[in-house]
Amino acid sequence: MRNPELHRYATRPGFYFTDDGGADVVVRSENADQVWLSVIEPLDRPTAFFNEAIRLPDDPQTPFVAQIRSHPVSTRALEGLGLRETLFRMSGPNYGLWYVHLPKAWDGMRYGYRVDGTWDPRHGVRFNPYKFLIDPHGKGVDGRMELDPAAFSYQCEIVDGKVRGSAWGPMSTVDSLGKVPMSVAIDDRDESKHEGEPSHPHVPWSKTVIYELHVKGFTADAPWLPAELRGTYAGLAHPTTLAYLQRLGVTSIELLPIQAKQDELFLQERGGTNYWGYSTLSYFAPEPSYATRTAQRKGAAAVRKEVIDMVRAMHEAGFEVIMDVVYNHTCEGGCEGPTVCWRGLDTLTYYRQQKGNPSRLEDTTGCGNTLDFTNTPVVTFAIDSLRYWAKRIGIDGFRFDLAASLARLDGEFTRHHPFLYALRSDLLLGNLKIIMEPWDLGNQGWRTGQFGLPFGEWNDRFRDTTRRFWLTDVANGARPGDVGMQEIATRLCGSADLFATDPGRGATASINFVACHDGFTLTDLTRYAIKHNELNGENNIDGSNTNNSVNFGVEGPTTDPKVEGRRERAALNMFGMLLMSLGTPMLLAGDEFLNTQEGNNNAYCQDNAITWLNWDWMRHQGDSPERRRIKAVSELIAIRKSLELFHHEDFFTRLTQLGLLKPSSRVQWFLPDGTTPMESDWFDTSLRSFTMRLMSADEVDVLIVVNGVDRDMDFRLPSDSLWRCRWSSAVSSGDRPEPRRSPDAPNGGTAAAPNAAAHSPAPARTAAPSADATAGYAARAADDHLWRVPSLSISLIQQIPW
């Protein structure tokens with residue numbers, strides 16, 4: 001039985017090509033008086049609507065918005081722009097939607113909307129038919145907004161590059177067409193569009209290593225690419241680019257936003273640009289500037305095709321593609337911002353208003369506005385957008401910027417928000433990797449660990465703990481530090497204190513990171529004690545002042561080998577912590593080869609050499625600090641991927657159905673002398689050296705040996721096995737842990753009572769080596785358990801099978 005066709009007015013908003021050569025067009029505006037679909041054609045070519053449209057008289061005394069109300073279809077010529085605008089009066093509102101059927105439509109058609117209604121900014125209502133609006137569901141965009149009075153719905157002027165006028169003043173009657181972007185229709189009906197598409201890698205969470213990069217910045221200066229491909233989607237898909245990523249060993253590429261963007265008003269006023277892209281113009285269209293010039297010249301469909309080809313190439317190379325998305329706010333900013341889409345369609349539908357003051361927008365994002373996820377159409381809009389990117393473009397997962405803003409009901413965060421349930425229950429989206437940035441600027445905005453299954457979350461506690469232990473606490477010298485064994489052990493074990501929120505929720509929900517796009521690079525964490533954001537033009541007041549960074553005696557670059565040696569040891573310590581911890585590790589692109597942003601910890605507006613990865617080291621053969629760093633990092637990733645001990649989603653502690661921590665048989669803890677920590681040891685922040693033993697019934701055991709003091713130390717390793725060092729941060733100075741071979745070293749110690757506050761040690765193994773162990777190993781066993789461990793290092797030591 002065939003399902004009946006949906007009633008037209010129950011259709012989701014969007015632009016739908018029809019078999020009669022036209023299109024059904026639907027847009028949401030719940031409070032408008034009238035909506036028009038505007039089709040834009042070149043003036044020097046015949047119009048497709050010659051027989052339908054009434055030509056408007058060129059009467060300067062009668063505004064065109066008054067004339068279009070009289071005709072179902074009208075057209076006007078804009079000689080100065082070389083464009084023809086044909087306006088189709090839409091029917092509605094029905095269920096909050098407006099509808100029109102276009103008799104003719106074509107791939108690449110430029111279009112938008114004009115919306116008329118009440119102008120009452122004191123009550124948050126700002127309809128203005130003089131403003132040309134893009135389609136929120138449009139799959140392509142053409143053009144950019146100019147800093148011009150026409151782009152604003154209120155009367156204003158531009159004085160010395162600044163907007164002057166009141167957003168609560170009179171309505172602007174300046175036509176914005178030609179000063180703002182247009183939507184581009186893309187015919188997506190081809191049933192063979194997925195033919196030849198490679199299978200998605202579907203990397204399990206337990207085996208995922210995320211690599212965060214900027215599409216443009218990653219290859220903008222890449223020496224292996226021709227100029228045409230640098231800084232583009234195609235450049236990221238180039239075989240040499242993919243081969244580099246494979247050699248590094250990461251599994252999942254997380255892209256900073258690639259949805260079409262528009263610079264914020266304050267940036268436009270000072271001639272800046274939003275390089276990161278967290279200022280969305282269109283939630284369905286890709287950012288055109290990241291496409292090759294050839295694709296840009298061909299138009300929106302070619303730009304989108306380049307994105308699809310990039311994703312397919314990554315899938316063929318074995319990589320997942322995760323996309324950073326920004327549904328918490330739009331590029332329109334606060335009430336003083338421009339009108340390019342949602343504000344003109346219906347502010348009351350799309351944006352949160354301040355309680356008791358609807359003339360002002362709620363702002364939990366720091367960007368001037370917040371999309372209203374208490375409104376079902378906004379939730380539906382976001383889900384439709386995500387499904388489009390997943391199904392049509394092939395994206396494998398999403399990371400949600402300021403996700404706490406998306407889960408607020410009546411201003412308060414709840415893990416039971418309808419949007420979160422919509423993500424969980426969707427047949428497509430619920431099976432993708434969904435990652436939350438679990439904070440915003442609203443009331444009680446820090447929500448790490450509180451989103452629940454099946455979401456992953458950025459773990460800022462891991463970031464701060466790692467930095468403090470290996471950087472600021474080290475800089476404090478002999479004074480007790482902030483971070484002791486209990487805190488480090490908790491982070492190594494997957495942060496159960498934060499993420500053991502649901503029965504079945506595992507450590508992989510913790511997205512562990514030390515550096516990301518927002519903040520210092522990992523190298524700059526060891527070079528700069530303070531931020532250096534002067535070039536951002538904000539008097540260095542932007543960006544975080546709490547970085548837990550250390551310069552090791554010299555602010556910025558240095559040629560002092562002692563300083564450089566300490567910096568590199570610290571960097572590898574943080575890499576070791578990241579890749580030896582249970583959870584899902586995330587690396588920032590370029591950290592693997594000492595990339596620097598010259599101390600800028602908020603480089604969102606730097607589209608230049610500050611943020612573009614510097615590949616100069618690749619232009620020269622031979623040994624270099626960059627190559628040594630890459631070798632150490634890629635080896636550690638390979639070791640992690642080879643150990644099944646890390647390939648599970650459980651915590652090392654067992655959990656009851658209530659989420660209570662219980663002693664684990666999978667991990668043991670030892671002090672350097674081989675004894676088990678007493679309960680008081682866990683809370684002693686001066687105790688910075690210990691051994692963590694990961695045990696498995698199916699493979700060899702692993703020791704993670706942490707020496708957090710600035711001197712070599714002797715560690716007594718478990719005596720029931722022989723051991724070999726697989727990786728150590730001390731490799732930065734050509735050193736590594738090794739057996740001391742001291743026969744009169746102390747033996748063992750007494751076990752302490754279980755530690756209820758952290759990860760309690762299990763009883764040590766008592767099984768003796770098998771009788772057929774080789775004589776050589778047996779003879780050396782007594783000597784090989786006392787090891788010298790280099791100062792300030794983290795090492796992975798693996799059991800040698802008997």
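This report describes cysteines, a strand arrangement, salt bridges and cavities in a predicted model.

## Cysteines

A search of the whole structure returns 0 disulfides. Two cysteines illustrate the result. For C335, the nearest cysteine sulfur is that of C156, at a distance of 14 Å, and because a disulfide requires two cysteine sulfur atoms within 2.5 Å, C335 is in no disulfide. C335 is buried, its relative accessible area being 5%.

C516 is likewise in no disulfide, and here the nearest cysteine sulfur, which belongs to C367, is 15 Å away. With a relative accessibility of 4%, C516 also counts as buried, since the cut-off for that class is under 20% relative accessible area.

## An open antiparallel sheet

In this part of the model, 4 strands form an open sheet with antiparallel pairing, and their order across the sheet is β1-β2-β8-β7. The edge positions are taken by β1, covering residues 14–17, and by β7, covering residues 91–94, each of which pairs on one side only. From one strand to the next, the twist averages 20 degrees.

The pairing of β1 with β2, a strand that spans residues 23–28, is antiparallel and runs over 4 bridges. At the level of single residues, Y16 has D24 of β2 as its bridge partner.

## Salt bridges

The count of salt bridges comes to 46. One of them joins the side chains of R461 and D497, with an N to O distance of 3.8 Å, a value that falls inside the 4 Å cut-off for such a contact. This pair links distant parts of the chain, given that R461 belongs to helix α11 (residues 460–475) and D497 to helix α13 (residues 496–499), with the two positions 36 residues apart in numbering. Both partners have intermediate accessibility: R461 is partly exposed at 28%, and D497 is partly exposed at 45%.

A second pair consists of R629 and E568, whose closest N and O atoms are 2.8 Å apart. R629 lies in helix α16 (residues 625–642) and E568 lies in helix α15 (residues 561–580), so this salt bridge ties together parts of the chain that are 61 residues apart in sequence. Both R629 and E568 are buried, whereas R461 and D497 are partly exposed.

R619 and D616 form a further salt bridge, in which the closest N and O atoms are separated by 2.7 Å. R619 is partly exposed, with a relative accessible area of 39%, and D616 is also partly exposed, with a relative accessibility of 36%. Salt bridges also join residues into a network, whose linked members are R76, E85, R114 and D175.

## Cavities

The structure contains 3 cavities of 30 Å³ or more, and the largest cavity holds about 190 Å³ of space. The lining of this largest cavity is made up of 17 residues, and those nearest its centre are H214, L588, Q597, T611 and L613.

Two secondary-structure elements, strand β16 (210–213) and helix α2 (215–219), each supply at least two residues of the lining of the largest cavity.

Note on methods
Residues are numbered from 1 along each chain as its sequence is written. This is a predicted model: local features need pLDDT of at least 70, side-chain atom pairs count only at pLDDT 80 or more; totals for chains, interfaces and linings use all residues. Side-chain values use heavy atoms; hydrogens and water are left out. Buried means under 20% relative accessible area, exposed over 50%, partly exposed in between (1.4 Å probe, protein chains only). Two strands pair if DSSP finds at least two bridges between them. Axes are lines fitted to C-alpha atoms, for helices over the stretch in contact, and angles run from 0 to 180 degrees between N-to-C directions. On a 1 Å grid over the protein atoms alone, a cavity is a set of points where a 1.4 Å probe fits but cannot get out, and a pocket is an open set with protein on both sides within 12 Å along at least five of seven lines; lining residues have an atom within 4 Å of a point. Grid points are joined across faces, edges and corners, and a volume is the space filled by probe spheres set on the points.
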